[in-house]
Amino acid sequence: MPLPIKDVLDAMCLSVHLAPLPDGIFGQTYFNNATVDIYDRDKNVVSADIEEGTILVSPDVFFMRNIGSVNNTIIHECVHWDKHYKFFELQKLINPQLTSISCAVVEEYKKDSDKLEEELKWMEWQANAIAPKILIPARTGRAKLNDILNHLTRSLTSTSRAYIMELAISEFADFFKVSTMAAKIRAIELGFDQAAGVFNFVDGTYYPPFSFKKGTLKKNQTFIIDRNNAIFESLLNPALADDFKNGRFIHAGGMIVINDSKYVKIQDEQAELTEYALAHADECCLVFDRTTRVSSHYDDSFYRICFLCRDADSKSFVEAKFNPSEGKNEDVQKRAREMTAIAEEAKRVTDILSETPSSFNGTLDYHIKRRGYTNEKMEERTGISSRMIQDYRNKRDAKPTLQSVLALCIGLNLQPAFSYDLIAKAGYNIMIVSEEFLVYRYLIDNHHMENIFMWNAKLKDAGIQQQLPKNGNKNTAPEK
């Protein structure tokens, strides 16, 4: 069952009023008597005297960002009242002028304030940590979320894990009457780590849910990083700057992801994650160590007057720090560098193929010149006479045997794409399924940096009787 908020308030002798709070302020807890504007039953604004122990809540409190709905705000303030009342009483004793100070003179008071950052951080952390546990107890919360997930998984067989989790967190939040953000945070605390991939708001934008392998994120780790943090890390963190400079990573979907079409697509001039990336964030996205600090929007002086505020726009600053020694990041960076190397090689191969002539003799001549070989050098490397190689280079009607073409490929140590191109231009199709052709393709794909003698040995082992020309130098070393 959801927490009976009214019973809690009555037991603590606290009262709640709806009030026209300033933009962005969700709640105010008064630790002193005051005269304030509130809404009456007819929703008219009236001035009223209130006592200490009064919580003012904005009627526009419902949202899914970093504070929560009415219940989140009320219980958060109840924790402050229960745990921190004496702190404010002592502040009034130390600073008697605070007994009647109003919000309008915060700036004046601020001048003489001594800093209480650590105390305030502690109080805010304590309220944030305790409130979700009061609203969603561990045992019943875990049981309820498991029930919801089991039901949705059976009902939505074709829906992704990430969207099922997002629907589950939404239903979980509705049941316990809390904000989706509070429900998400509590779910993660209860061991549902996939909840970290849903309801992510970054730089004011909602991004689609994502999923990842269980156990990928440690405590206080996140995939999510805002634009400012991403810029800072990409420029100033030496372990990441080189990868960004070379275009291996991009900030997309609120994460830093490998910059490859497998993971990123451009939609309306914006980089977005592909469906594959959303389902495999651990494969393509970097992990960041997360530290949270209380908003600097209001400093300690604001808290030392007569009320506490829940501020919608206050940045509950999440500082994301890249850790290069994190094993998962090492894997993703290695993958990014390999994919970049593959892309660069693919471009190199494409550029070369676009320059080759359409004929066999022209293409052979192009590759021999590209290697800087002479006909005599080619004779050493292929077992084909220099005169025959001269004919192959000059005569458009030259008809070399398949074995001779293969010898030319290995003699030049051609990259597989170039070998297949040369073989096709010689008039042969080795893509036909046969035992002999399968062996040739295996050698081209996996052993193109060897020499003709190594190939002949492998052909013999494979039971292929037709050997390649043999009169080369057995000590000929492979060349790139």
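A nonpolar patch, as the term is used here, joins nonpolar side chains within 5 Å of one another, taken from residues that have over 30% relative accessible area and no salt bridge. In this predicted model, such a patch is formed on the surface by I231, F232, L235 and L236, which together have about 420 Å² of accessible area. One of its members, I231, belongs to helix 8, which spans residues 227-236. With a relative accessible area of 44%, I231 is classed as partly exposed, and this value is compatible with membership because the patch takes residues with over 30% relative accessible area.

Helix 7, by contrast with an exposed surface feature, is mostly covered, since seven of the ten residues in the run 180-189 are buried. These buried residues are T180, M181, A182, A183, K184, R186 and A187, a list in which the charged residues K184 and R186 appear beside alanines. After helix 7 comes G191, which has a positive phi near 100°.

Two residues that are not glycines also have positive phi. F199, with a phi of about 50°, is placed in the loop between helix 7 and strand 6 (200-202), and its relative accessibility of 8% counts as buried. N220, with a phi of about 65°, sits in the loop between strand 7 and strand 8 (221-222), but at 42% relative accessibility N220 counts as partly exposed.

The second largest pocket holds about 350 Å³ of space. Its lining is made up of 17 residues, of which Y207, A252, G253, A271 and E272 are the closest to the centre of the pocket. Strand 7 (205-207), strand 9 (249-252), strand 12 (270-273) and helix 10 (275-279) are the elements that give two or more residues to this lining, and strand 12 provides the largest share, namely four residues. Sorted by class, the lining of the second largest pocket comprises seven nonpolar, five polar and five charged residues.

Across the whole structure, a search finds 16 salt bridges, and the table sets out some of them with the distance between the closest N and O atoms and the relative accessibility of each partner.

| Salt bridge | N to O distance | Basic partner | Acidic partner |
|---|---|---|---|
| R248 and D243 | 2.6 Å | R248, 15%, buried | D243, 0%, buried |
| K458 and E450 | 3.0 Å | K458, 27%, partly exposed | E450, 16%, buried |
| K262 and E283 | 3.4 Å | K262, 38%, partly exposed | E283, 16%, buried |

Both partners of the bridge between D243 and R248 count as buried, because their relative accessibilities of 0% and 15% fall under the 20% limit for that class. These two residues also take part in a wider arrangement, in which salt bridges that share partners join D242, D243, R248 and R337 into one network.

The bridge between K262 and E283 links distant parts of the chain, for K262 lies in the loop between strand 10 (255-258) and strand 11 (264-267), whereas E283 lies in helix 11 (residues 281-284), 21 residues apart. Here K262 is partly exposed at 38%, while E283 counts as buried at 16%. In the bridge between K458 and E450, whose side chains meet at 3.0 Å from N to O, K458 is likewise partly exposed at 27% and E450 is buried at 16%.

Notes: Residues numbered from 1 in each chain as written. Predicted model: local features only at pLDDT ≥ 70, side-chain atom pairs only at ≥ 80, totals over all residues. Heavy atoms only, no water. Buried < 20%, exposed > 50% of the residue type's maximum accessible area, 1.4 Å probe, protein only. 1 Å grid on protein atoms, 1.4 Å probe; cavity = no way out; pocket = protein on both sides within 12 Å on 5 of 7 lines; lining within 4 Å. Points joined across faces, edges and corners; volume = space filled by probe spheres on them. Patch = residues over 30% accessible without salt bridge, like charges linked within 9 Å, V, L, I, M, F, W, Y side chains within 5 Å. Areas by Shrake-Rupley, 256 points an atom, 1.4 Å probe, with all protein chains shown as cover. Salt bridge = Lys/Arg side-chain N within 4 Å of Asp/Glu carboxyl O.
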